[in-house]
Amino acid sequence: MFSDLVHATTPSRTDEAETSANDHIRRTNLQRVLTLLHYRGPRRRPEIALATGLTRSTVGLLVAELAQRGLVTEVVAPERGRGRPSPMIVANGDGVCAIAVNTESSVLTVALVGLGGVVHQVLVEAVDGAEDPALTCDRITRLVAELVTCAGPERRILGIGVAVPGQVQVGDGVVRHAPHLDWREVPLAAMLTAATGLTTTVGNDAAVILGATSAFGDGLANDLVYLVGRPSGVGGAIISRGRLVHGASGYAGEWGHVPVAQPGRPCVCGGVGCLETEVALDRLLAVAELDGDDPEQLAAALIRRDQPELETEARRQLGHLEVALRTVVNALNPGTILLGGFLAALLDSRTEHERSALVARAVGAAAETVTIRGTYGDAEQVLLGAAELAFVTLLRAPDLVGPA
């Protein structure tokens, strides 16, 4: 009898291989269903089956497992006309959350973000310029504790994602250089993990914005370059053939430090005449006599063109932006250039002809196929993108999450 028990409970190598293959398929299918609901919103079972190519019976089993793990819920949505109400399957954004952190030189933002991109609560604290990383870590830890308390024990918080305006080393979350924060070689991920007890992942702010814009939006071009103008300067990211380009160590997309003026103003990076020293939000706000950094408010002032000094400054900055965009087009031949933050305001204040002129002097035919457009969703997208840094492990392996 003992030998029978051993035989029955010890699988052969063939059985192990089949079990492993079946587990992989199941995990992949769970991932596909949860990812669909997370990024594209609630779906009925037949819609999930159509979108994933799975059978309805398989979808039913997967949804049941995800629900048992507390990752999805069912909501009864009344049908028009006769018949039984059809349940909608919804990512459980109320029960499964991440904490998103956005670090800027003037403000620190910490938010509780639910699965499915639901922003529950946002805490904002003013920062008086660059400060010691340990002090910033203390600020974040205090705000995280406040959010965790408000969230209550019924919400599972998977981790923390942090967006930093600087170079972040892929893998270990070390901030190699964040000029506007005056940080060098800061092990921010390890510091926050130790201080909060929550696994922390750190990424470049422009990269997380672009990732969220692509994931939660209507989709972006397969070959796209993103430049975003924020209070901390100009950052950027690149999508090539549908994938985010990290570079050898994760630092690709530093468009703010492309030289555009010689001679030019000294830059915090040590260079001279960098894009972000010549194209800067603070100068536009000062000339426009605007308080705050709302890019849409700035765009309205620029579009009116009733302030000669502001128009002169805008044209000067656009001239330097043209130099940078010509470099972008010549080097990468993107299909789309997406401008965010105050760069979108500059773009929207121009005529169609003036927009086209920003890349018209690129070499060869590359300028003929590139589209330039602006976006104002950066403030929310940076929080969604930071939260994604924490959600990514869950989305890759939902079966590793225990029952709710």
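These are my notebook entries on what I looked up in this structure, which is a predicted model.

**Entry 1: the whole chain**

I began with the secondary structure, and I found 15 helices and 15 strands in the protein chain. I then looked up its extent, and along the principal axes the C-alpha trace spans about 90 × 50 × 45 Å. The chain has 404 residues, of which 49% are buried. When I turned to contacts with a separation of 6 or more, I noted that 62% of them involve residues 24 or more positions apart.

**Entry 2: surface and charge**

The area that the protein chain exposes is about 19,400 Å², and I wrote beside this value that carbon and sulfur atoms supply 53% of it. For the charges, I recorded 34 positive and 46 negative ones in the protein chain, and the mean positions of these two sets lie 7 Å apart.

**Entry 3: backbone details**

I next asked myself which peptide bond is cis. The bond I found runs from glutamine 262 to proline 263, and its omega is near -5 degrees. Proline 263 sits in a loop, with β13 (243–244) on one side and α8 (275–278) on the other.

I also looked up phi for two residues other than glycine. Arginine 241 has a positive phi, near 55 degrees, and I located this residue in the loop that joins β12 (233–240) to β13. Is arginine 241 buried or exposed? Its relative accessibility is 76%, and because exposed means over 50%, arginine 241 counts as exposed.

Asparagine 333 likewise has a positive phi, in this case near 50 degrees, and its place is the loop between α11 (308–332) and β14 (336–341). Its relative accessibility is 45%, which lies between the limits of 20% for buried and 50% for exposed, so I entered asparagine 333 as partly exposed.

**Entry 4: the largest pocket**

Last, I turned to empty space. Rolling a probe the size of a water molecule over the atoms shows where such space is left. The largest pocket has a volume of about 1,400 Å³. Which residues of the lining are the closest to the centre of this pocket? Of the 46 lining residues, I wrote down Leu244, His246, Leu389, Val392 and Arg396 as the closest.

I then checked which elements supply at least two residues each to this lining. Among the helices I listed α2 (13–40), α7 (205–216) and α15 (378–396), and among the strands I listed β7 (167–168), β10 (200–204), β12 and β13. I noted that β12 and β13, which contribute to the lining, are also the strands on either side of the loop that holds arginine 241.

Conventions:
Residues numbered from 1 in each chain as written. Predicted model: local features only at pLDDT ≥ 70, side-chain atom pairs only at ≥ 80, totals over all residues. Heavy atoms only, no water. Helix = DSSP H or I, 4+ residues; strand = E, 2+ residues; numbered from the N terminus. Buried < 20%, exposed > 50% of the residue type's maximum accessible area, 1.4 Å probe, protein only. Contact = heavy atoms within 4.5 Å. Areas by Shrake-Rupley, 256 points an atom, 1.4 Å probe, with all protein chains shown as cover. Lys, Arg positive; Asp, Glu negative; His and termini not counted. Charge placed at Lys NZ, Arg CZ, Asp CG, Glu CD. 1 Å grid on protein atoms, 1.4 Å probe; cavity = no way out; pocket = protein on both sides within 12 Å on 5 of 7 lines; lining within 4 Å. Points joined across faces, edges and corners; volume = space filled by probe spheres on them.
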